[in-house]
Amino acid sequence: MTTAAGALAADGAPEGAPTGHGAPRATVDPDGSKSWLRRALPIVRAHRGTFVAALVLSFAGLVVQVQVPQLLNQAISDGVVRHVVPLSHYAWWVAGLGLAGGVIGFASRLLLFRTAYGMEYDLRNVVYEHLNRLSFPFYDRVQAGQLISRANSDIRSVHLYLTFAPLILVQSAIAVVAFGYMLAIDAPLALVAMVTMPFVYVIGRKMRSSMFPVSWLIQARLADVATVVDENVNGVRVVKSFAAEEGQLRSLATAARRVQWATVKDADLRSRWAPAMQNLPQVGLVLVLLFGGYLVIQGRLGVGAILAFNAYLLMLQAPFTMLGMLIMMGQRAAASAGRIYELLDEEPTVVDRPGAVELARCRGGIDVDDVRFAYGDGTAPPVLDGFTLHVAPGETVALVGATGSGKSTVARLLTRCYDVDAGAVRIDGNDVRDLTLASLRRNVGVVLDEPFLFSASIADNIAYGDPGASRERIVAAAVAAGADGFVRELPAGYDTVVGERGYTLSGGQRQRVAIARTLLVNPPILVLDDATSAVDVQVELQIHQALRQLMAGRTTVLIAHRLSTIALADRVVLLDGGRVAAEGTHAELLAATPRYAEVLAQAEDRAAPDAAGAVAGAAAGAGAGAAAGAGAGPGGRQR
């Protein structure tokens with residue numbers, strides 16, 4: 001199925017190339033009692049082949065470098081002082097070592113970055129797959145910005161540390177090799193050069209303990225900024241409609257100042273400890289010059305040895321400089337890992353039971369028996385309390401009730417977005433908790449009153465539930481939903497890319513695409529949650545004519561306010577106080593149940609200003625649909 005993206009597939013690969021999702025090689029250790037680093041080790045082990053090769057090559061390159069000062073010592077002693085070996089001999093050796101070091105360095109970096117991006121890939125997929133497994137109650141209480149921050153900046157902090165901390169340690173090992181050469185040249189002078197190292201160790205420990213809380217604070221406050229930005233981007237229409245830009249800027253400024261304070265505190269701590277760690281080794285250089293110079297004057301040491309010692313000390317400085325950076329990276333990675341593990345340790349509350357069975361050959365019978373349900377942790381008042389409903393296979397039932405009466409909750413319980421607190425929901429006599437979630441949701445199609453479209457082509461959005469659907473099936477679903485007419489008028493037709501959340505289309509157009517998306521998978525049970533609320537009467541009539549044919553033999557639950565939608569139902573059920581107050585045909589309820597007439601009157605009162613606003617919006621946006629083509633953005637809408 002082609003899209004307006006044309007030359008590139010969704011992941012940037014050339015069109016026609018395989019773009020299948022590869023599972024991560026490993027996941028995080030689930031044992032929460034282990035340290036953050038031990039929990040991450042399975043991901044490191046999964047890449048140990050290339051990782052070990054990169055580290056070995058890196059060490060080999062450092063060993064090559066460490067030979068140069070020794071050659072310098074020999075060149076001065078044999079070529080300059082004693083004139084027994086020509087200097088060109090040592091020059092060729094140094095050039096050869098430089099070439100070998102370059103080749104080894106290239107290979108080690110290539111393998112290292114392959115490992116780094118492989119670990120990042122695994123971490124991102126582990127987090128994303130876990131997010132997909134989490135249940136709706138989790139998303140009810142967690143901000144999207146917090147999740148985005150943990151899935152981006154926190155993962156990056158962890159994977160950088162996992163990759164480059166071992167590399168820095170390997171490079172620090174060059175200090176051991178260099179110290180060995182220094183001992184071989186002159187042991188007392190080598191001990192003098194290393195006299196400052198215990199102080200570096202003590203300062204490093206103090207730096208580590210002081211930076212961890214600040215690192216955690218920085219990551220948490222960066223997530224707060226991401227939350228503010230995410231809510232403003234997604235809610236930009238609400239912000240602008242209330243002219244609340246200034247207030248939102250103040251909110252962002254407050255969050256940014258909190259990040260600023262934490263980062264300045266982090267910089268303050270680094271400025272206290274890092275210079276000492278970096279410059280203490282230079283004190284060793286001063287001592288080498290003093291004590292080594294004295295030994296040269298006394299004739300106990302050659303000039304070349306002093307030059308070699310200086311070169312080795314310069315090699316020692318780099319690892320200790322990186323050691324300070326390693327401590328800072330480690331503290332930030334530990335804070336980020338803690339935030340990621342908080343997410344990964346969250347258990348989904350709605351899962352397949354052991355022994356759950358597939359819902360096969362669904363006939364469409366629905367039984368809701370004495371259900372009690374409340375959102376949250378159960379302390380809130382119940383939305384449904386003693387709710388009972390029986391829908392025969394192929395029957396169409398309309399649920400009517402005041403706002404907050406629990407109509408939409410019934411639809412969520414049918415698909416196990418939530419589990420009931422008491423009672424049972426059954427399909428064809430099977431408790432939905434005994435069915436696999438995948439098979440249950442394949443058989444129950446839901447069209448919400450606020451449709452969500454992805455930033456993809458209209459064809460891709462309609463075929464979301466069945467990506468392999470043919471263009472003929474996509475068009476047939478669009479025709480049934482009353483969407484084919486406006487889609488063909490768009491510049492790229494079915495290949496037109498809609499903007500984020502589908503906002504380059506009008507509300508009614510989005511709803512028709514969402515209805516087509518559900519109709520394409522042809523579920524035996526169809527739930528329309530006020531799904532025609534944003535379309536005008538003429539379009540609604542077209543959709544209803546198509547739905548009458550599609551609902552034949554299909555169990556349909558209509559969550560309705562409009563009389564035109566209620567007219568599609570075989571039976572109407574009135575909800576009040578979380579339970580069934582009355583049921584029958586529309587005419588029977590209107591004649592015998594005053595509460596039913598009252599609810600319909602309230603719905604009509606709410607619908608009147610909405611309809612007036614829709615007419616005004618349509619007039620204002622007339623002729624602005626051309627910019628919707630090929631992802632042109634929100635500059636124009638077609639209604």
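1. A good place to start is Glu342, which counts as partly exposed because its relative accessibility is 42%, between the 20% and 50% cut-offs. Please keep in mind throughout that this is a predicted model. Glu342 forms a salt bridge with Arg150, and the closest N and O atoms are 3.2 Å apart. The two partners come from distant parts of the chain: Arg150 belongs to helix α5 (residues 144-172) and Glu342 to helix α11 (residues 303-344), with 192 residues separating them. Arg150 itself counts as buried, at 15% relative accessibility. So this pair joins a buried residue to a partly exposed one.

2. Some context on charged pairs may help here. Side chains of opposite charge can pair when their charged atoms come close. For this model the count comes to 19 salt bridges. A further pair worth a look is Arg353 with Asp434, whose side chains meet at 2.8 Å, N to O. This pair too links distant parts of the chain, 81 residues apart: Arg353 lies in the loop between α11 and β1 (366-373), and Asp434 in the loop between β5 (430-431) and α13 (437-443). Arg353 is partly exposed at 38% relative accessibility, and Asp434 is partly exposed at 36%.

3. Arg473 and Asp466 make another salt bridge, with an N to O distance of 2.8 Å. Arg473 has a relative accessible area of 37%, which makes it partly exposed; Asp466 is also partly exposed, at 25%. Elsewhere, Glu120, Arg124 and Arg156 are joined into one network by salt bridges that share partners.

4. Now to the sheet. How many strands form it, and in what order? Six strands make up an open sheet with mixed pairing, ordered β6-β7-β8-β3-β9-β10. The edges are held by β6 (444-447) and β10 (579-584); each has a single partner strand, so one side of each has no neighbour in the sheet. From one strand to the next, the twist averages 20°.

5. Within that sheet, β3 (residues 396-401) and β9 (residues 571-576) run parallel and are paired over five bridges. Ala398 stands opposite Val572 in β9. Helix α12 (residues 407-414) packs on the sheet and touches β3, β7 (525-529), β8 (555-559) and β9, with its direction at about 135° to that of β3. Helix α17 (residues 507-520) lies across β6 and β7, and runs at about 175° to β6.

6. There is also a set of antiparallel strands to look at. β1 and β4 (residues 422-427) run antiparallel, joined by five bridges, and Asp367 has Arg426 in β4 as its bridge partner. Arg426 in turn has a bridge partner in β5, namely Asp431. Two bridges join β4 to β5, again in the antiparallel sense. These two strands form a hairpin with two residues between them, and Asp428 in the turn has a positive phi of about 55°.

7. Asn461 deserves a point of its own. Is this residue of helix α14 (residues 458-462) buried or exposed? Asn461 is buried, because its relative accessible area is 2%, against a cut-off of 20%. The Asn461 side chain reaches the backbone nitrogen of Phe454 at 2.8 Å. Beyond its neighbours within four places in sequence, Asn461 is in contact with Leu453, Phe454, Ala456, Val498, Val513 and Arg517.

8. Helix α15 (residues 471-480) has several buried residues: Ile474, Val475, Ala477, Ala478 and Ala480. When you look along the helix, it helps to recall that an α-helix has 3.6 residues a turn, so residues three or four places apart point the same way. Just after α15, Gly482 takes a positive phi of about 75°.

9. Finally, Ser108 sits in helix α3 (residues 87-133). Ser108 is buried, with a relative accessible area of 10%. Setting aside neighbours within four places in sequence, the contacts of Ser108 are with Ala54, Leu57 and Ser58.

Key
Residues are numbered from 1 along each chain as its sequence is written. This is a predicted model: local features need pLDDT of at least 70, side-chain atom pairs count only at pLDDT 80 or more; totals for chains, interfaces and linings use all residues. Side-chain values use heavy atoms; hydrogens and water are left out. Helices (H or I, at least four residues) and strands (E, at least two) are DSSP runs, numbered from the N terminus. Buried means under 20% relative accessible area, exposed over 50%, partly exposed in between (1.4 Å probe, protein chains only). Contact means heavy atoms within 4.5 Å. Two strands pair if DSSP finds at least two bridges between them. Axes are lines fitted to C-alpha atoms, for helices over the stretch in contact, and angles run from 0 to 180 degrees between N-to-C directions. A polar contact is a pair of N or O atoms within 3.5 Å; within protein, one must be able to donate a hydrogen and the other to accept it, and residues adjacent in sequence count only if both atoms are side-chain atoms. A salt bridge is a side-chain nitrogen of Lys or Arg within 4 Å of a carboxyl oxygen of Asp or Glu.
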